[in-house]
Amino acid sequence: MSASSEDSPSKFQLDPNGAERITNAEPKSMRALQQSMKEMGVNASAYIKTSMETLKQADGGRSIQTDEFCTTETQGLTRLHDMIERQKTNPKEKRPQKWNFATVPYQLFDKTLDDVLVAFLKWSTLEADDEDKNYEEGMTKMNISKAFRRLESYATWMDNTGRDLIDPPMDTQDDIQKSWKAWNMKLSHDKSGKLVWWMDFDTIDMETVKSLRPTDTLRLFVWMAHFIMLDDKAQKNGMVYCQNMAKVKLWTSFSLIPPKLGLKLDKLTIGVLPIKMKKLFVLESPTWMTVLLGSMKPFLSKKMRSRIVILTKPEESFNNKLNTKISTAMKSSTFLKKKQDTEEETLDQEEEDTSIMTTTSPQAVLESTLGFTCIPRGFGGMNNGALVTDIISEKYFGGIASGEELEEDEEAVDL
């Protein structure tokens, strides 16, 4: 693979002396978190700002007055192709090559460029909870203009990867499978048809992941993102992201995916991918993660705030006390934008802030929300879950399990 500017230490690597300066005590306030990040050589303000901007882009915002709508995919595809051609020849377009979609790996999934464009059209379909005045019950309406805005962000993001995805060409069996096994991520469909993306820090092969080049991790996440965006059920029903943080230390988390690469991947999966994020569940949240999410939620839309849920065990008394402090702080006008500081929006805050954390059993919440059969066996250390072979392994890797499950299954065969 050709060398990339994104593999340079200045872009992706942490300060090598940072780990020695950080104690085992996790930061319990935003000030302490910022100081810890600074000691690792991370620009905390820029990191948090970029994270908030990405979360704000998750739903693409509401329609604007000049937006164009259609009622069929055929109409939408015709208009998107027209918009793309017009943008290619626009003298103000600084990067016309991005509209060639040369780095988009749709062929790996036996799809076409039209299939990619349809994903953006379906993403732009108005739903009742969008609180969009253009929504009409019983009528399919796709916001072509909104789809194109998202498509443009996507085209820019993909073009920014340079030659990392195409030199050499991505290969599912050769380079993707190794990274996939190390990360041990899984995909399944829940009881209502939503796609669920599972990541469990307890089952990640830490040593192998740390040995991967940044471009290896980039290629894996881009590959998985495209599998998701081209999944029919995900396009129709949206996606749920479940992440077991396993109380991972701040340094460990940032050393697995260097901060700038992590922000870039967040931008793809949350801020650019044309799949609606229905819920984000965080289990075993370390204190620094709870602080980080708590500080950002006041600046998110009411809908987005309600979709981020930290699941904790009732006995975790410290985190529950911390959550109370965060919720109180979130209701304080000193934590809110000036434009949010109105009676109506303060009321919205009070109604939705409880979504920051629930002390109901994580197992009960996931089983009730998603269904037992789609949960990976032992996810988050819980005594639940029936899934062993996920849809990725079934379709591309001969039905083999990954990570620890692969080893367990091999032992079972020996017996």
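**Chat on a predicted chain: T103 and K236**

User: How much of the chain is buried, and how many residues are there?

Analyst: Of the 415 residues in the chain, 52% are buried (under 20% relative accessible area, with exposed meaning over 50% and partly exposed in between; 1.4 Å probe, protein chains only). This is a predicted model, in which local features need pLDDT of at least 70, side-chain atom pairs count only at pLDDT 80 or more, and totals for chains, interfaces and linings use all residues. Residues are numbered from 1 along each chain as its sequence is written, and side-chain values use heavy atoms, with hydrogens and water left out.

User: How many helices and strands does the chain have?

Analyst: There are 20 helices and 8 strands, taken as DSSP runs numbered from the N terminus (helices H or I, at least four residues; strands E, at least two).

User: Where is T103?

Analyst: The loop between helix 5 (73-88) and helix 6 (113-123) holds T103.

User: Why does T103 count as buried?

Analyst: Because its relative accessibility is 10%, T103 counts as buried.

User: Which residues does T103 touch?

Analyst: Leaving aside residues up to four places away in sequence, T103 touches M158, D159, T161, G162, L165 and I166; contact here means heavy atoms within 4.5 Å. With M158, a polar atom of the T103 side chain lies 3.0 Å from the backbone oxygen.

User: Changing topic, is K236 buried or exposed?

Analyst: K236 is exposed, at 67% relative accessible area. This residue lies in helix 11 (residues 232-237).

User: How many residues separate K236 and K194 in sequence?

Analyst: They are 42 residues apart in sequence, and their C-alpha atoms are 8.0 Å apart in space.

Notes
A polar contact is a pair of N or O atoms within 3.5 Å; within protein, one must be able to donate a hydrogen and the other to accept it, and residues adjacent in sequence count only if both atoms are side-chain atoms.
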